[in-house]
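Trainee: I am new to this structure and would like a close look at a single part of it. Please take one strand in the sheet and describe what surrounds it.

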Amino acid sequence: MKKVLITGANSYIGKKLEKWLKKYPDQFNVESCSVRNDEWKNMNFSSFDVIFHAAGIAHVSTDPSMKDLYYKVNRDLTIEIAKKAKVDGVKQFIFMSSIIVYGNSNIISMDTIPNPTNFYGKSKLQAEEGIRALLDPNFKVAIVRSPMVYGNGSKGNYQKLSKFSRITPIFPDIDNKRSMIYIDNLCEFIRLIIKNEESGIFFPQNEDYVKTSEMVQLIAEAHGKKIKLIKIFNPFIRMFSSKVNFINKLFGDLVYEKSMSTYKENYVIIDFKESIFATESAINAREKI
């Protein structure tokens with residue numbers, strides 16, 4: 001039985017992971033806490049075997065006024081909690097990082113050097129560096145550089161694409177590739193690295209790369225609709241993809257080489273089509289309430 005503390009009680013991944021681990025009551029005792037104020041500093045972490053740190057500012061901003069907050073929350077708070085965890089005798093610290101630490105790289109291999117281009121990526125990478133410095137035989141540090149996470153309740157581009165897919169009759173047919181991970185697959189991966197007491201940097205992803213147009217078609221299909229894919233907009237999209245961030249996120253390439261994501265136990269328990277249908281079914285049910 002491992003006792004797990006999830007910091008970031010209101011985070012999307014934190015809430016989903018807590019629910020996931022509680023399906024295994026013989027393996028995990030799970031608690032969560034907020035770190036929005038300084039009350040966590042008075043907690044005694046010594047009763048926990050693992051701290052999963054999910055708290056942070058999750059979305060990219062180019063507003064210069066946000067810079068100090070990104071570093072304060074994503075970097076300084078992470079390192080501070082990790083230091084307390086080590087002093088209190090916690091055995092494993094797991095940190096949710098992001099593929100965004102690689103900046104403008106499109107195809108990422110084990111040899112690709114992180115080179116973040118914004119506050120979010122830089123604060124995440126500096127947090128990684130700070131907590132890895134604490135690593136020793138009695139304090140294991142696992143860093144999860146996840147690609148885009150999607151599922152029921154997720155925020156960001158997936159929700160926008162889901163809404164658009166339900167109303168548009170056409171969509172650009174661009175041949176792109178994206179690494180993504182369904183929330184249940186991510187939670188299963190984290191369960192395994194807790195169970196196996198892992199340390200290191202990890203790159204979990206779904207088995208197959210995602211083509212944006214195929215994902216849009218699947219979302220529409222889940223709602224009983226059809227979308228026609230067209231190539232007429234392709235030259236325009238290619239022209240502006242490197243200049244407009246939103247277009248690049250939709251139609252550019254961003255993948256981990258698949259060998260990076262291999263693990264000794266299977267964590268991809270739900271395939272891509274099933275994950276889209278499950279997500280859209282849950283969205284339908286929620287919107288009907």
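Mentor: A residue is called buried when its relative accessible area is under 20%. The model discussed here is a predicted one. With that cut-off, 7 of the 7 residues of strand 4 are buried, so this strand is largely enclosed by the rest of the structure. Strand 4 covers residues 92-98, and it is the part to look at closely.

Begin with the two faces. In a regular strand the side chains alternate between the two faces of the sheet. In strand 4, one side carries Gln 92, Ile 94, Met 96 and Ser 98, and the other carries Phe 93, Phe 95 and Ser 97. These residues are all buried, and both faces of the strand are covered.

Next, the sheet itself. Strands of a sheet pair through backbone hydrogen bonds, either parallel or antiparallel. Here 6 strands form an open sheet with parallel pairing, and their order is 2-1-3-4-6-10. Strand 4 therefore has strand 3 on one side and strand 6 on the other in that order. The edges are taken by strand 2 (28-33) and strand 10 (200-202); each has a single partner strand, so one side of each is left without a neighbour in the sheet. From one strand to the next, the twist averages 20°.

Now the neighbours of strand 4. Strand 3, residues 50-53, runs parallel to strand 4 and is joined to it by 4 bridges. Val 50 stands opposite Gln 92 in this pairing, and His 53 stands opposite Phe 95. Towards strand 6, the pairing is again in the parallel sense, over 7 bridges. Gln 92 stands opposite Lys 140 there, while the bridge partner of Phe 95 in strand 6 is Ile 143. Gln 92 thus faces Val 50 of strand 3 and Lys 140 of strand 6. Likewise, Phe 95 lies opposite His 53 and is paired with Ile 143.

One step further along the sheet is a related case. In strand 6, 6 of the 7 residues are buried, so strand 6 is also largely enclosed by the rest of the structure. Strand 6 pairs with strand 10 in the parallel sense over 3 bridges, and Ala 142 stands opposite Gly 200 in strand 10.

A helix also belongs in this picture. Helix 5, residues 183-195, packs on the sheet and touches strand 1 (2-7), strand 2, strand 3, strand 4, strand 6 (140-146) and strand 10. Its direction makes about 150° with that of strand 4.

The cysteines can be added to the same view. The structure holds 0 disulfides. The sulfur of Cys 33 has its closest cysteine sulfur in Cys 187, at 17 Å, which is too far for a bond. Cys 187 is likewise in no disulfide. Both count as buried: Cys 33 has a relative accessibility of 9%, and Cys 187 has one of 1%.

To return to strand 4: its two faces are covered, and its pairing is with strand 3 over 4 bridges and with strand 6 over 7 bridges.

Technical notes: Residues numbered from 1 in each chain as written. Predicted model: local features only at pLDDT ≥ 70, side-chain atom pairs only at ≥ 80, totals over all residues. Heavy atoms only, no water. Pairing = 2+ DSSP bridges. Axes fitted to C-alpha atoms, helices over the stretch in contact; angles between N-to-C directions. Contact = heavy atoms within 4.5 Å. Disulfide = S-S within 2.5 Å. Buried < 20%, exposed > 50% of the residue type's maximum accessible area, 1.4 Å probe, protein only.
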